[in-house]
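The exercises below are to be worked with the sequence and the model open side by side. Each task is followed by a solution in steps.

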Amino acid sequence: MNNTPIISPNDSSEAETSWMRLKEFWSYFYENKGAVAGLCVVVFVILLAFFADVVAPHSPIEQYRDYFLKPPAWQEGGSWRFILGTDAVGRDMLSRLIHGTRYSLFIGCIVVSISLVSGISLGLIAGFFRGWVDTLIMRIMDVILSYPSLLLALVLVAILGPSLTNAMIAIAIVLQPHYVRLTRAQVIAESSRDYVTSSRVAGAGTLRLMFITLLPNCMAPLIVQATLSFSTAILDAAALGFLGMGAQPPTPEWGTLLAEAREFISSAWWVVTFPGLAILITVLSFNLMGDGMRDALDPKLKRS
Amino acid sequence: MIIQDLSPFFSDNLIPMFRFLISRVGLLIPTFIGVTIIAFSFIRLIPGDPIEVLAGERGVSPERHAQLMAQFGFDRPLWQQYLEFLSKLLHGDLGQSIVTKQPVIDEFLTLFPATLELSTMAILFAMIIGLPAGIIAGFKRGSIFDHTVMTTALVGYSMPIFWLGLLMIILFSGILGWTPVSGRISFLFYFEPVTGFMLIDSYLSGQEGAFRSALSHLILPTIALGTIPMAVIARQTRSAMLEVLGEDYVRTARAKGLPPFRVIAIHALRNALIPVVTTIGLQVGVLLAGAILTETIFSWPGIGKWMVDSIFRRDYTSVQGGLLMIAAIVMVVNLIVDLLYGLINPRIRHTR
């Protein structure tokens with residue numbers, strides 16, 4: 001209780017500096033046209049996901065039996081009723097794509113959250129305690145990294161059973177070592193700084209040191225990594241869906257849409273082209289945004 | 001600056017180099033044990049007991065079940081099973097495929113050259129385009145060329161390659177009719193494999209059109225598999241160039257009035273390529289993951305397709321063996337890259 005008066009002025013000045021840092025970050029980020037474009041598309045995709053029911057012209061699973069494999073509106077035989085055409089069982093492509101945004105963003109959020117939380121925890125433990133705990137954790141991460149990520153995810157799904165949930169768990173496990181390594185390196189670099197020592201001398205407990213003193217100062221590269229692995233998560237989940245090991249039909253997940261479209265590759269180009277384009281645009285936007293964030297946070301590039 | 005004088009390698013630096021080698025190999029041992037534990041646990045982690053897993057959907061009678069449990073040693077303690085698994089492994093025995101009853105190692109070795117050929121072509125493709133593009137983009141920073149290369153690289157980096165493969169099939173095989181859709185060579189040709197590399201074998205066979213056929217089968221999968229490494233290499237090369245171009249010795253070289261080409265080729269490039277070597281080496285994992293997708297799309301008979309097929313056929317011993325072999329390949333290549341990095345960058349070697 002008697003701590004409060006000491007901490008509160010401290011806090012307000014801290015809030016002010018972090019506000020300044022945010023403003024500085026934004027001014028650098030804003031200079032990068034690609035990053036801003038990426039951000040705009042990401043916001044657009046998020047809005048689409050939220051309002052999918054309102055925006056989509058049809059239900060994503062309703063089958064119009066008179067309209068199998070109709071081409072897009074601008075092509076001969078297409079109609080404006082189904083702007084991007086219909087698939088093999090008469091479902092509206094556009095509506096399925098719009099609803100697909102929900103799955104991709106959902107996958108990205110869940111995968112990044114799981115791998116971020118467990119990766120940060122393990123990285124903090126490894127970097128803070130060092131010694132055999134560190135060795136053990138890092139060797140386990142080395143083992144995970146010795147497999148090509150998609151292969152390990154595929155095998156994990158084979159063990160757990162093919163479903164969207166299991167695909168997300170598998171991808172999270174595969175992505176986690178990157179967070180562990182990043183957090184550990186940051187923690188080790190920060191641990192020798194004066195503010196950590198003073199906090200330790202002031203009697204801060206282990207947990208407080210780890211999560212309140214150290215962690216906030218390690219966050220910047222982690223946030224960038226999180227943005228970039230959002231795109232990896234979407235790509236890997238789509239790849240698993242494409243191989244039949246991710247979301248199962250009739251879920252309108254983009255990779256699964258591509259898997260269903262494979263047989264019509266020579267007859268109906270639109271069922272193959274649009275889902276992949278949706279994946280590409282979304283992943284590209286996240287990568288543009290992540291690159292912009294990294295450049296804005298990287299002091300080395302600011303110099304030049 | 002770097003490999004001007006080779007003599008230190010062979011005299012007083014031999015011991016640190018050797019120590020470096022030992023320490024890196026030593027790091028691999030626990031990782032390799034971890035990899036074997038994962039492969040060992042794989043069959044045991046699949047829901048249902050191992051005999052039911054191995055028997056598949058046919059099922060077994062209770063007596064036969066007990067007999068098989070004893071025969072495969074599943075009734076013994078786990079650590080004994082693991083040790084036996086390990087000793088078999090060290091003798092090159094990865095067990096038998098459940099489906100084909102062939103030794104897993106034989107199947108792997110038969111199919112591996114196809115993947116090796118595809119991956120080699122893909123990484124060559126990635127380097128031939130990625131390296132010059134990155135070098136020029138770095139040298140002409142901010143130019144239209146730089147922007148074009150970086151945008152293309154980012155698009156390539158974000159590419160779902162399974163979709164790229166499908167699009168190329170639609171365009172080049174479907175609409176234009178230039179390339180075949182699947183396989184390694186037209187069924188019109190047959191010859192005994194010599195090297196396992198279809199390009200070389202078809203050339204050696206001397207049959208007219210065989211080489212052309214092999215090449216045309218290889219082109220689309222190569223592009224699909226090489227796209228992501230190409231993007232990564234271009235980006236990495238550019239940033240390495242930018243870093244080196246800011247160094248004092250490059251400024252000195254420029255101030256001396258050396259022509260730009262000489263500054264790049266002699267002074268900058270050598271040092272810029274050091275991190276790029278690592279990047280190229282690290283693409284092995286990316287290539288093997290990409291091979292899973294690329295080989296599936298183009299029906300390329302390599303280990304990527306074999307792994308996917310084995311998973312779907314529930315051929316778990318094959319999956320287990322493949323997991324082990326692939327991880328071993330990635331680890332060995334990473335070790336080589338690590339050592340190579342130590343060899344071309346003396347700063348690393350000396351600090352160890």
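## Exercise 1: a helix pair in chain B

Task: describe how helix H7 (residues 144-157) of chain B packs on helix H10 (residues 210-245) of chain B.

Solution. The coordinates are those of a predicted model.

Step 1. The axes of H7(B) and H10(B) come within 8 Å and cross at roughly 140°.

Step 2. Angles over 145 degrees count as roughly antiparallel and 65 to 115 as roughly perpendicular. H7(B) and H10(B) are therefore oblique to each other.

Step 3. The hand of the crossing of H7(B) and H10(B) is left.

Step 4. On the H7(B) side the residues are Val149(B), Ala153(B), Gly156(B) and Tyr157(B). They meet Thr227(B), Ile228(B), Met230(B), Ala231(B), Val232(B), Ala234(B) and Arg235(B) in H10(B).

Step 5. Sorted by class, the contact of H7(B) with H10(B) holds eight nonpolar, two polar and one charged residues.

## Exercise 2: length and bend of a helix

Task: check the length of helix H6 (residues 104-139) of chain B against its residue count, and find where H6(B) bends.

Solution.

Step 1. The expected span is 1.5 Å times one less than the number of residues. For the 36 residues of H6(B) this gives 52 Å.

Step 2. The end C-alpha atoms of H6(B) are 50 Å apart, which agrees with the expected span.

Step 3. H6(B) bends by about 35° at Leu111(B). A proline, Pro113(B), follows within four residues.

## Exercise 3: two helix pairs in chain A

Task: set out the packing of helix H5 (residues 131-145) of chain A on helix H7 (residues 164-191) of chain A, then that of helix H4 (residues 93-129) of chain A on H11(A).

Solution.

Step 1. The axes of H5(A) and H7(A) cross at roughly 140° and come within 9 Å. The two helices are therefore oblique to each other, and H5(A) passes H7(A) in a left-handed crossing.

Step 2. H5(A) contributes Ile137(A), Met141(A), Ile144(A) and Leu145(A) to the contact, and H7(A) contributes Val174(A), Pro177(A), Val180(A) and Arg181(A). Seven of these residues are nonpolar, none is polar and one is charged.

Step 3. For H4(A) and H11(A), the axes come within 11 Å and cross at roughly 35°. This crossing is right-handed.

Step 4. The H4(A) residues in the contact are Met93(A), Leu97(A), Gly100(A) and Ser104(A). Those of H11(A) are Trp270(A), Val271(A), Phe274(A), Pro275(A), Ala278(A) and Thr282(A). The classes are seven nonpolar, three polar and no charged.

## Exercise 4: the side of chain A that touches chain B

Task: state how many residues of each chain are in contact, and which helix of chain A gives the most.

Solution.

Step 1. The contact involves 34 residues of chain A and 37 residues of chain B.

Step 2. At least two residues each come from H5, helix H6 (149-160), helix H9 (206-242) and helix H11 (269-297) of chain A. H11(A) gives the most, with ten residues.

Step 3. The chain A side has 24 nonpolar, eight polar and two charged residues.

## Exercise 5: the fold and backbone of chain A

Task: count the helices and strands of chain A, then locate Pro250(A) and Arg130(A) and describe the backbone there.

Solution.

Step 1. Chain A has twelve helices and zero strands. Its C-alpha trace spans about 75 × 45 × 45 Å along the principal axes.

Step 2. Most residues other than glycine have a negative phi, and most peptide bonds are trans.

Step 3. The peptide bond from Pro249(A) to Pro250(A) is cis, with omega near 5°. Pro250(A) sits in the loop between H9 and helix H10 (254-261) of chain A.

Step 4. Arg130(A), although not a glycine, has a positive phi of about 50°. The loop between H4 and H5 of chain A holds Arg130(A).

Note on methods: Residues numbered from 1 in each chain as written. Chains lettered and ligands numbered in written order. Predicted model: local features only at pLDDT ≥ 70, side-chain atom pairs only at ≥ 80, totals over all residues. Axes fitted to C-alpha atoms, helices over the stretch in contact; angles between N-to-C directions. Parallel < 35°, antiparallel > 145°, perpendicular 65-115°, else oblique. Left-handed = near helix turned anticlockwise from the far one by under 90°. Contact = placed C-beta atoms within 7 Å. Nonpolar A, V, L, I, M, F, W, Y, C, P; charged D, E, K, R; others polar. Bend = angle between axes of the 7 residues up to and from the residue.
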